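Here is a quick walk through one model, helix pair by helix pair and then residue by residue. Have a look at it first, then read on.

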Amino acid sequence: MTTPSISRFPVPALNALPDDIRTRILGVQEKSGFVPNVFLALAYRPDEFRAFFAYNDALMEKDGGLSKTEREMIVVATSAANQCHYCVVSHGAVLRIRAKNPLIADQIANNYRKADITPRQRAMLDFAVKVCLESQKTSPQDFEILRGHGFSDNDIWDIAAIAAFFALSNRMASVTDMRPNDEFYMMGRVPKA
């Protein structure tokens, strides 16, 4: 059996990458035990790699009104709406780990409205998916619903920004035919040995 390509575009050799990008990729590999294919696929365009991961980190790694688990819920729900195989699988793995729940990512990816989440999280995902699929229809009523669940204006911005950023990510993953690493499929499903 041949190993499938991880991208339709050339994937640069790790030793051929600029030092900062190679250092980041090796750091991810050390932490996770493998290199997620998104890092290798996007390294094809170094300046865009840097911008992409800077914005990713600004949205996904900061403290705020949204937990890191809720941020991953947004990614999984909107990636499912965009039919992005890579992001549903990879961020589903991260969501399972952050939520300490082996079922949550599958529930959200298949139909977040029936997932075992709080009404607050459902309102968050309703808004995120609306931003994802029909942002032109957002209205003051959407903001009032979110405020009624305790979301601040900064939280609402974060929900929208994560949905919008991952729309870019989803589209690039689809266009490049980015393949999820096999390691993602079992992460967070079974206890570590």
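What follows covers some helix packing, a few buried side chains, two loop residues and a glycine.

## What kind of model this is

Keep in mind that this is a predicted model.

## α1 against α3

Let's start with helix α1, residues 19-32, and helix α3, residues 46-60: their axes sit 10 Å apart and the packing angle is about 45 degrees. An angle like that falls outside the parallel, antiparallel and perpendicular ranges, so the two helices count as oblique to each other. The crossing of α1 past α3 is left-handed.

Which residues do the touching? From α1 it's D20, I21, R24 and I25, and from α3 it's P46, F49, R50, F53 and D57. Sorted by class, this contact has 5 nonpolar and 4 charged residues, with no polar ones.

## α6 and its two partners

Helix α6 turns up in two pairings here, one with α5 and one with α4. Take α5 to begin with: it covers residues 85-99, α6 covers 104-111, and they pack at about 135 degrees with axes 8 Å apart. That makes this pair oblique. On the α5 side the contact uses V88, G92, L95, R96 and A99, and these meet I104, A105, I108 and A109 of α6. By class, the contact of α5 with α6 comes out as 7 nonpolar, 1 polar and 1 charged.

Now for α4, whose axis comes within 7 Å of the α6 axis and crosses it at roughly 40 degrees. These two are oblique to each other as well, and α4 passes α6 in a right-handed crossing. M73, V76, A77 and A80 are the α4 residues in the contact, and they meet I104, A105, I108 and A109 in α6. The class count for α4 with α6 is 8 nonpolar, no polar and no charged.

## Buried residues in α5

H91 is part of helix α5. Is H91 buried or exposed? Its relative accessible area is 15%, so H91 counts as buried. Its side chain has a polar contact of 2.7 Å with the side chain of E72. Setting aside neighbours within four places in sequence, H91 is in contact with E72, V75, V76 and F166. V76 is also one of the α4 residues that meet α6.

S90 belongs to α5 too, and its relative accessibility of 4% puts it in the buried class. From S90 to L103 you move 13 residues in sequence and 15 Å in space, C-alpha to C-alpha.

## A buried aspartate in α9

Over in helix α9, residues 153-176, you'll find D158. How accessible is D158, and does that make it buried or exposed? D158 has 5% relative accessibility, so it counts as buried. A polar contact of 2.9 Å links its side chain to that of K62. Leaving out residues up to four places away in sequence, D158 touches K62, L66 and R71.

## Two loop residues with positive phi

Most residues other than glycine have a negative phi. Against that background, Q83 is worth a look: it isn't a glycine, yet its phi is positive at about 55 degrees. Q83 lies in the loop between α4, residues 68-81, and α5. With a relative accessible area of 70%, Q83 is exposed.

K100 is another non-glycine residue with a positive phi, in this case near 55 degrees. You'll find K100 in the loop between α5 and α6. Its relative accessible area is 74%, so K100 is exposed.

## G188, after the last listed stop

G188 is located in the segment after α9. Where does that leave it on the accessibility scale? G188 is partly exposed, at a relative accessible area of 27%.

Not counting neighbours within four places in sequence, G188 is in contact with R96, I97 and P102. R96 also appears among the α5 residues that meet α6. As for Y55, that residue is 133 places from G188 in sequence, and the C-alpha to C-alpha distance between them is 25 Å.

Methods
Residues are numbered from 1 along each chain as its sequence is written. This is a predicted model: local features need pLDDT of at least 70, side-chain atom pairs count only at pLDDT 80 or more; totals for chains, interfaces and linings use all residues. Side-chain values use heavy atoms; hydrogens and water are left out. Axes are lines fitted to C-alpha atoms, for helices over the stretch in contact, and angles run from 0 to 180 degrees between N-to-C directions. Helices (H or I, at least four residues) and strands (E, at least two) are DSSP runs, numbered from the N terminus. Angles under 35 degrees count as roughly parallel, over 145 as roughly antiparallel, 65 to 115 as roughly perpendicular and the rest as oblique. A crossing is left-handed if the near helix is turned anticlockwise from the far one by less than a right angle, and right-handed if clockwise. Contact means heavy atoms within 4.5 Å. Ala, Val, Leu, Ile, Met, Phe, Trp, Tyr, Cys and Pro count as nonpolar, Asp, Glu, Lys and Arg as charged, and the others, Gly among them, as polar. Buried means under 20% relative accessible area, exposed over 50%, partly exposed in between (1.4 Å probe, protein chains only). A polar contact is a pair of N or O atoms within 3.5 Å; within protein, one must be able to donate a hydrogen and the other to accept it, and residues adjacent in sequence count only if both atoms are side-chain atoms.
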